[in-house]
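Trainee: Could you take me through one part of this model slowly, the helix packing within a single chain, and then set that part in its surroundings?

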Amino acid sequence: MIHVRLRIPLSEFELSVSLDLERPVTALFGPSGVGKTTLLEAMAGLRRPAEGEIRIDDEVVYSSERGKSLPPEKRRFGLVPQDALLFPHLDVRANLLYGFREGGALSLSSVAAALEIGHLFERRPSRLSGGERQRVALARALLSQPRLLLLDEPVASLDVELKERVLPYVKRVRELHRIPTLFVSHDIADVLTLADEVVVLDRGSVVDRGRPRTVLTRGARGAFFKGRFENLLESRVMAHEPEEGLTRVETGRGLSLFIPYWPSREVPIGEPILLGLLAEEVLLSKEAPVGLSARNVFGGIIRAIEEEGGVAMVEVDAGDSIYVRLSHGAVRSLDLRSGLPVHLIVKTHSIHRLS
Amino acid sequence: MTPDLGWLIGFTVKMALAGTLLTLPFGILLGLWLARTRWPGRSLVETLASLPLVLPPTVVGLALLEIFGRNRPLGRFLYERFGVSVAFTWRAVVLASAVVAFPLLVRTVRAAFEGVDPRLPALARTLGRGPLYVFFTVTLPLASRGILAGAILAFSRALGEFGATIMVAGNIPGETQTMSLAIFQLVSIGRDPDAYRLALVSVAVAFVAIWLSEHLVRRSRARLAELS
């Protein structure tokens with residue numbers, strides 16, 4: 001078990017967090033610039049907090065009250081920064097072996113094979129792609145046999161196909177070697193696939209935490225995710241229409257939607273499926289639209305409008321709560337307000353599958 | 001009375017090399033400290049370290065004589081305890097070169113260390129390696145080309161050293177006389193053609209040293225550009 005209680009003043013707000021991490025993989029989730037990276041660096045020992053305490057399995061690693069702060073090499077928290085930070089003067093093999101410890105559960109060949117980096121050993125970091133750097137950095141951290149893995153956007157620079165191969169490996173690491181992992185992400189899909197628990201951070205404070213599905217489908221996140229907010233829809237497959245290229249699903253609250261038919265990953269009828277829909281991909285209309293190509297048109301009532309910096313998040317109750325991202329100008333010219341009935345328009349291909 | 005040219009070039013280069021090697025560890029340590037510290041007294045230390053660059057070399061030589069002269073405390077101690085004389089021997093030539101070259105080295109080394117991303121050694125420590133290991137395997141290699149360029153600059157300065165050397169080491173042919181001292185002596189006894197011949201040789205030596213240094217700095221820049 002890992003206990004973290006830290007207070008770090010930042011330029012615009014204060015990072016103040018108190019967490020007990022009990023699950024194998026915890027995701028730190030939130031928009032950029034809320035202190036996620038700072039928290040990881042402070043835990044690894046790269047940054048001194050104003051006060052607080054860090055314990056791992058009852059060993060005090062840092063405590064401002066006791067004036068104790070173990071140096072990074074004694075903490076052995078393997079950090080994988082967002083920009084990988086490979087040693088530029090060493091080739092990949094030397095990077096991997098930099099902190100290697102004999103006698104651990106992980107060997108160079110097994111880690112290299114699992115992360116598909118065996119063919120890169122002789123290369124310099126400057127000759128690697130972003131995804132390759134990220135995997136080498138992850139392997140380097142694992143080979144130092146850390147007591148805790150701290151991953152900053154671990155799969156952000158991997159393409160989708162590679163992500164689908166690397167994610168299972170990160171999961172396997174936690175299952176086989178029981179290295180607890182804390183990772184930073186602002187990607188809902190990654191959090192859902194990887195994490196057992198999610199901690200939502202906003203402007204330096206924990207605003208929510210719990211099981212990823214529960215927390216991320218609560219919808220309350222929309223208020224502060226001015227960026228890419230993703231609506232999550234827990235649904236059930238109702239029918240496949242391969243000739244039309246469509247699959248019909250229904251959410252728990254009775255909203256019926258068409259999504260693309262995926263022949264290679266067909267979900268049996270009646271099975272649950274988790275869908276994502278970016279708030280910026282939803283169109284909103286005051287009149288019932290006619291003659292549109294979009295297959296999903298449904299009614300709802302505006303519950304709330306939150307505006308900040310020219311961006312508005314409009315919460316529409318359409319059975320499920322759906323957040324729509326609009327410009328301030330759109331809200332004003334349509335004279336949108338709470339209680340107004342509206343129509344939402346969603347292309348089938350705007351909806352993607354998360355599970 | 002004048003030793004042969006080969007000996008003179010060899011002796012001069014050896015003295016400059018020894019002076020550079022002597023000043024290197026101190027220069028690296030101070031350069032590193034200046035690159036890292038946030039201590040407010042830093043600029044004072046920096047100014048003190050730059051003094052030999054600005055002072056007339058003869059003043060530096062006088063100061064060294066005050067410290068290492070046979071009847072000064074440290075000089076006497078070294079002589080009586082270890083039988084080592086410094087003033088007016090080759091050791092004084094080395095010492096004078098080291099002192100005048102020191103500020104140039106410190107400045108270059110400091111810039112070299114400041115060019116190393118501080119997150120790299122920090123990350124190296126999260127991999128379980130202690131600060132000393134990390135210094136020698138990450139920080140120092142990443143700064144090495146800059147340090148090398150600084151060392152070559154220091155060596156070039158030491159090659160032509162005159163003022164401090166003549167004060168503390170004298171101008172003894174075959175013992176403390178370097179090329180620049182020999183040129184001075186040849187001119188003062190009216191052997192101008194020999195002086196010019198020697199001057200040409202020193203131009204050649206200096207040219208090679210500076211060209212080598214520029215070449216290394218360029219390569220290190222190109223490498224940095226490639227890495228980033």
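Mentor: What follows is a close look at the helix α5 of chain B and the two helices that pack on it.

The model is a predicted one, and its chain B is built from 10 helices and 0 strands, with a C-alpha trace that spans about 65 × 40 × 30 Å along its principal axes.

Within that chain, α5(B) covers residues 90-114, and helix α3 (residues 57-68) of chain B packs on α5(B) at an angle of about 130°, the two axes lying 11 Å apart. Because the oblique class takes in angles between 115 and 145 degrees, α3(B) is oblique to α5(B), and their crossing is right-handed. On the α3(B) side the residues that take part are P57(B), V60(B), G61(B), L64(B) and F68(B), which meet A92(B), L95(B), A96(B), V99(B) and V100(B) of α5(B). Sorted by class, this contact has 9 nonpolar residues, 1 polar residue and no charged ones. As background to such a spacing, an α-helix has 3.6 residues a turn, so residues three or four places apart point the same way.

Helix α2 (residues 42-54) of chain B also packs on α5(B), here at an angle of about 125° and with the axes 7 Å apart. That angle makes α2(B) oblique to α5(B), while the crossing of this pair is left-handed. The contact joins A49(B), S50(B), P52(B) and L53(B) of α2(B) to V99(B), V100(B), F102(B), P103(B), L104(B) and V106(B) of α5(B), and by class it has 9 nonpolar residues, 1 polar residue and no charged residues. V99(B) and V100(B) of α5(B) therefore belong to the contact with α3(B) as well as to the contact with α2(B).

Further along the chain, helix α7 of chain B (residues 131-159) departs from a straight course: 29 residues in a straight helix would span 42 Å at 1.5 Å a residue, but the end C-alpha atoms of α7(B) span only 36 Å. There is also a kink of about 55° in α7(B), and S144(B) is at its centre.

As for the surroundings, the contact between the chains takes 16 residues from chain B and 21 residues from chain A. On the side of chain B that touches chain A, the elements giving two or more residues are α6 (119-126), α7 and α10 (192-227) of chain B, with α6(B) providing the largest share, 7 residues. By class, that side of chain B has 9 nonpolar, 3 polar and 4 charged residues.

Terms used. Residues numbered from 1 in each chain as written. Chains lettered and ligands numbered in written order. Predicted model: local features only at pLDDT ≥ 70, side-chain atom pairs only at ≥ 80, totals over all residues. Helix = DSSP H or I, 4+ residues; strand = E, 2+ residues; numbered from the N terminus. Expected span 1.5 Å × (residues − 1). Bend = angle between axes of the 7 residues up to and from the residue. Axes fitted to C-alpha atoms, helices over the stretch in contact; angles between N-to-C directions. Parallel < 35°, antiparallel > 145°, perpendicular 65-115°, else oblique. Left-handed = near helix turned anticlockwise from the far one by under 90°. Contact = placed C-beta atoms within 7 Å. Nonpolar A, V, L, I, M, F, W, Y, C, P; charged D, E, K, R; others polar.
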